[in-house]
Amino acid sequence: MSKIGKFLDRRFTLVLMLPALCIAAVLILYPMCYGFYISLFDTNLVNKWEFKGVGNYLALLNNAAFRNSLWVNIQFIVLVVLGHMVIGTVLALQLNKAIKARAFWRCLLMLPWLIPEVVYALLAKWVLNPQYGVFNYTLMSLGIIDAPVAWLGEIATALSSVIVVSILKGYPFTMIMVLSGLQTVSGDLYEAAEMDGCTPWQTFWRITVPSILPVVAVTLILDTVTWFKHYTMVAIMTGGGPAKTTSLVSVTIYKTAFESFKFGQAGAMAVIVFVICYLFGVFYRRLTHES
Amino acid sequence: MKKIIGCIAVLLVLCMATSSVAFAGEAQTTVQIMGPWVVESPEDSVLKSVVEGFEAAYPQYKVELIGVPSADVNKQVQAMAASQTLPDLVINNGANNAAWKEMGIVENIESKFSKEFLDGFYPEMLKAFYYEDELFGLPTCAAPFVLLLRNDLLTEAGIEVPKSYDEILAAAKKLTVDTNGDGKIDRYGLGLMGFPDANTALRFILALFGSDAPDVYKDEAGNFATKIGSPESMDAFKLYMDAQAQGVIPPGATEVDYKTMVSLLSTDQIAMAISGPHTIGNICVQNPDMVGKFIAVPLTGRKTVAYLNPYGFVKFANSPNEAGAIAFLEYAAQNFVEMTRVTKRPPSRVELAEVAKEAAPEVAAILDCAQYSIDLLNLPFRADIYAAVYEGVNSMMAGMYATPEDAAEAMRAAVQAVLDEHK
């Protein structure tokens, strides 16, 4: 066997993985490292490169806007991911049953996920508009409210409204993941449970949940990371307002980078978001592994 | 044999024709122009016609248009500057010249034009493209910020054009009505923008100038300072807060961005707004019934003011086709009257004033506003000032502050922090 042949024989897996590794290095590893690199500078990326070391990170400790954004983000992410899990799981359980027109319902319930975020956000903004929005009109017609409410414009309701819109946009991902998990659970287990006299609730907790837990863990990680760095819909609907009540970290990072041209500071914020997302992943994996 | 000779002859002719086309192609160089007018309607059709005219007048140049939504222009320029792929020209209002100068991506092009040519611009418009005595581009038209009014409603209600902030509020109160008798207000007297973006900041800054309280000015010692928080500036804060408290603006002011405001104006839901003739163009595109119903007057508080907001083209340093870019700048400045006809934006050149007035009668009043033009300082940290102002307006309209004094103090502190950072 030639040298190349021997090498291929020994390192065949590596050779096959090499193209994907190269692409990942260029598209993922390099931007990540570059992002960390610029977080150590005061830079506009063109002609100003002033080394600051950990200065940008220390400055964030006194940055009230960033601290506020982190707090807003935590509230946002907890409620959005919880909403996705509840709605997604309930709908997946229904779609897993032998209901009529199952394919139709699956397609219909997937629609919010297929609509581009920009379009969805604009639609939500119009629906919730206090002047001409159909939501206020309906509530007023039903006598539930007397005067139009600026759902996205008032401090008391803005974050809740953004969370509800985000839940309705993102639940199909959880639904389809949980549904795929449910379809891998063997029917024999349910039959055995029925013969043992398990109630539907016991069947759900003792058979369904443990069986789909790996899928749920992956879904939770992906959903949390995706929505933690969410930008588009919130930027369109509220721009981070009113009074910064919906100013997610991503909105603050965007404004710091592309309005104030403080790329070093924005880079430091992004690195912190990366660390938080990574910790979320570790936490979820530990949690489900121990279970 | 004859067939072979015939075939060779045809091939020779084809080769000659192909090579001449290739030669012509080589001789033509491409001028790249990037900006929002490429993707915005109806501006796109105007730009296209100007480009066609330019290409016919200068056959050695071909124009490549790169569309970028106005909200993304800064981001795109930043990314292209970092990757050294900037185009020749960008459509802009000159507001970023100071920041771009600091980045070293624009250069002085004053020497490329004759003094006579530059003297042909309205000085207030040309000034916006200067920073520290260096010229970075040329204006083609203005997208002014003034007070936009529904003249038909004013006449119907017997109201004079308001000449102070108190009169604006009084007029707005009279114009806030239930038009269909269902017991609910469906037309408000005034529209104020409160969405956290630069459009909101610019409109409030105009109101500050109208109160004789510039957002940023140079004090006697030559340092940047702000008049926000001064007794004069309270007029602007009171105008916004009183308008909300008296219910003469639609609910949800913090949601009102430029597009929403255009929508409210074109659907007859508000009667007045701080904006300009370019807005009239957009309104009439959305609702042709509104043609001829709007007038635009300077905003009058303690002072009479207007922000001309001249728009045009900025040339980047070391642009790939400098000669073509300069030729286009010169051509475009003199051939943008179609923009006036379509969007009601007044032209930047004095010699076009009469032609423009014929094309769009609304322009006459706007050109008169030039004398009230505010001195909005071109600053490298302008975006930070806008952010401090729009966050303040957004919080004020969200009901964060009990009094105008509280709102003014919060905004003053935010603007002062920016000034301190850039001392």
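In the predicted model, strand β7 (residues 146–150) of chain B pairs with β10(B) in the antiparallel sense, and four bridges hold this pairing in register. Within it, B:Leu147 has B:Ile274 of β10(B) as its bridge partner. Both strands belong to an open sheet of three strands in chain B, whose order is β10-β7-β11 and whose pairing is antiparallel. Because β10 (272–275) and β11 (294–297) of chain B stand at the edges and have a single partner strand each, one side of each is left without a neighbour in the sheet. From one strand to the next, the twist in this sheet averages 25°. As background to these pairings, strands of a sheet are joined through backbone hydrogen bonds, in either a parallel or an antiparallel arrangement.

Another antiparallel pairing in chain B involves strand β6 (residues 137–142), which is joined by five bridges to strand β14 (residues 310–315). Strand β6 of chain B is mostly covered, since six of its six residues are buried. At B:Gly137, the bridge partner in β14(B) is B:Val314.

A parallel arrangement is found in chain B between strand β1 (residues 29–35) and strand β2 (residues 61–67), which are connected by seven bridges. In this pair, B:Gly35 stands opposite B:Gly67 of β2(B). Between the two strands, the chain leaves β1(B), passes through helix α2 (residues 43–57) of chain B and arrives at β2(B), and this β-α-β crossover is right-handed.

Turning to a further helix of chain B, α3 (residues 73–82) has as its buried residues B:Val73, B:Val77, B:Gln78, B:Met80 and B:Ala81. After α3(B) comes B:Gln84, whose phi is positive, near 55°.

In chain A, the residue A:Tyr120 lies in helix α6 (residues 117–128). With a relative accessible area of 15%, A:Tyr120 counts as buried, because the term applies to values under 20%. When neighbours within four places in sequence are left aside, A:Tyr120 is in contact with A:Pro112, A:Ile115, A:Val165, A:Leu168, A:Lys169 and A:Met233. By contrast with these contacts, the C-alpha atoms of A:Tyr120 and A:Thr13, which are 107 residues apart along the chain, are separated by 43 Å.

Notes: Residues numbered from 1 in each chain as written. Chains lettered and ligands numbered in written order. Predicted model: local features only at pLDDT ≥ 70, side-chain atom pairs only at ≥ 80, totals over all residues. Heavy atoms only, no water. Buried < 20%, exposed > 50% of the residue type's maximum accessible area, 1.4 Å probe, protein only. Pairing = 2+ DSSP bridges. Contact = heavy atoms within 4.5 Å. Axes fitted to C-alpha atoms, helices over the stretch in contact; angles between N-to-C directions. Right-handed = clockwise from strand over helix to strand, strands pointing away.
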